[in-house]
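Open the model in a viewer and keep the sequence panel visible. The stops below give a selection and then say what is there.

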Amino acid sequence: MNFNTRAQIAAILGILLLAAVTVAPWVAVSHWLKPQEAKWRSIITHKDDLVRQMLALDKEVSSYQNIPEKKEANITFQKNIAATTLDSLQGFVNSNPKYQVFNFKTIQVPDSKEVKFSLVASYNSLGQLLTDMWNTFQFMEINSMIMQPNPNKPDEEVITSVSIRLP
Amino acid sequence: MKAFTKKLPVIIDLQPEPQEVMLRLPEWMKYFFVLLYIATLTGLGLLLRESIDEFKLYNEMVQARRTTENTVREINTMQSKLVDNKSVQRDYDLYKMRQKQITRPGAILEWIPTLISKTQRANTITLLQLGDSASVRVTVEKPITEPVVRISTAPADYLLQSAGEETPKYNELPRGQKANINNEFTAVVVQLKKQ
């Protein structure tokens, strides 16, 4: 092998080395960055899934309407249930001067939530009393009601016996 | 006389200029270099494009990480809100159902006067409520010649199941009072069912 041929081979090798150095980053991209790319893509896909999940949740949350009002209503209901006791019932009838109620008597059946009460009232007062009572104690169950004219004042007053169940 | 001759120093060129070109590349290599040059430029172009794409993807990934953190926080908040909403709604539905199940006799009490005509007089009214059914019993003092009112309509939200006439019980009659000689006591019994 003469001197010229060796020189030619050396030049070609040098050029090829330079080309390899130039191409090296591209090879690095292919071999090192591509696996990273797969990882990054999975992070992006995960984000997309989460965003989709969030949107679905948002839709579901929005499907519940008037929640603050319902919350308030629930509190009112709870208070109403808690306030429906024999004492409050007696207080409601006795302390209100607008009802002309006489002989208001209450009996609570032992070990039960059943309460019986009887009263004598004028016809108009009775209707008003019962309406107000039912509106005030909304969870009070009325089992039975018996109304009879007061024998002493049959045209004015009525004797009423009511059996209720407290909540 | 000896002629003086000055000797000039002899310069020995240790590395003489080559007489011919050392590297003689063949003619075709010119095209090879050009091709290599084009290939290198193309490679650089591709590398640049690839790098831009990678950079964009990296940026997207960084943003996705931030979004993921925020979204996870949002999802947690929403889930707790959803649980809260469900619980409020369930309680509300239960209360409303309970409220609906508790029947108020207002509609029946308003309806009872329609059972009694002007010539009749109601004495004892008994109302029994059991679940969605109600039983109404009205003791009426009425002229012997007059039949009881024919019941064809039920109160609002109720269905008329049966209606009839019965002999009143002793405790349903007015205490210490006797009926007019032309009158009699009878009991109107009606069974109703809540719709």
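**A tour by selection**

Select B:Pro143 and look across to strand 4 of chain B, where B:Asn183 stands opposite. Helices (H or I, at least four residues) and strands (E, at least two) are DSSP runs, numbered from the N terminus. Residues are numbered from 1 along each chain as its sequence is written, and chains are lettered from A and ligands numbered from 1 in the order in which they are written. The model is predicted: local features need pLDDT of at least 70, side-chain atom pairs count only at pLDDT 80 or more, and totals for chains, interfaces and linings use all residues.

Widen the selection to strand 2 (residues 133–143) and strand 4 (residues 183–194) of chain B, which pair in the antiparallel sense over eleven bridges. Strands count as paired if DSSP finds at least two bridges between them.

Now show the whole sheet. It is open and has eight strands, in the order 1(A)-2(A)-4(A)-3(A)-1(B)-2(B)-4(B)-3(B), with antiparallel pairing. At the edges stand strand 1 (101–108) of chain A and strand 3 (158–166) of chain B; each has a single partner strand, so one side of each is left without a neighbour in the sheet. On average, neighbouring strands of this sheet are turned by 15° against each other, direction ignored.

Where do the two chains meet in the sheet? Select strand 3 of chain A and strand 1 (residues 121–130) of chain B, which pair in the antiparallel sense over four bridges. Here A:Met145 has B:Leu127 as its bridge partner.

Stay on B:Leu127. Neighbours within four places in sequence aside, B:Leu127 is in contact with A:Ser144, A:Met145, B:Pro105, B:Ile108, B:Ala134 and B:Val136. Contact between two residues requires their C-beta atoms, placed from the backbone, to lie within 7 Å.

B:Leu127 also belongs to the largest nonpolar core, of 21 residues, where B:Leu127, B:Val136, B:Val138 and B:Leu192 have the most contacts. Such a core is a set of buried Ala, Val, Leu, Ile, Met, Phe, Trp, Tyr and Cys residues joined through C-beta atoms within 7 Å. A residue is buried if 20 or more other C-beta atoms lie within 10 Å of its own, exposed if 12 or fewer, and partly exposed in between, with C-beta atoms placed from the backbone. Strand 3 and strand 4 of chain A, together with strand 1, strand 2 and strand 4 of chain B, each give two or more residues to this core. Another core, of six residues, lies apart from it and includes A:Tyr99, A:Leu119, A:Ala121 and A:Leu126.

Next, select the contact between the chains: 47 residues from chain A and 51 residues from chain B. On the chain A side, helix 1 (3–62), helix 2 (67–83), helix 4 (123–136) and strand 3 (141–149) each supply at least two residues. Helix 1 of chain A gives the most, with 26 residues.

Turn to chain A, which has four helices and four strands. From the N terminus on, its elements run α-α-α-β-β-α-β-β.

Finish with two residues that are not glycine but have a positive phi. A:Asn66, with a phi of about 50°, is in the loop between helix 1 and helix 2 of chain A. B:Asp157, with a phi of about 70°, is in the loop between strand 2 and strand 3 of chain B. A:Asn66 is exposed, with 12 other C-beta atoms within 10 Å; B:Asp157 is exposed, with 11.

Methods. Axes fitted to C-alpha atoms, helices over the stretch in contact; angles between N-to-C directions.
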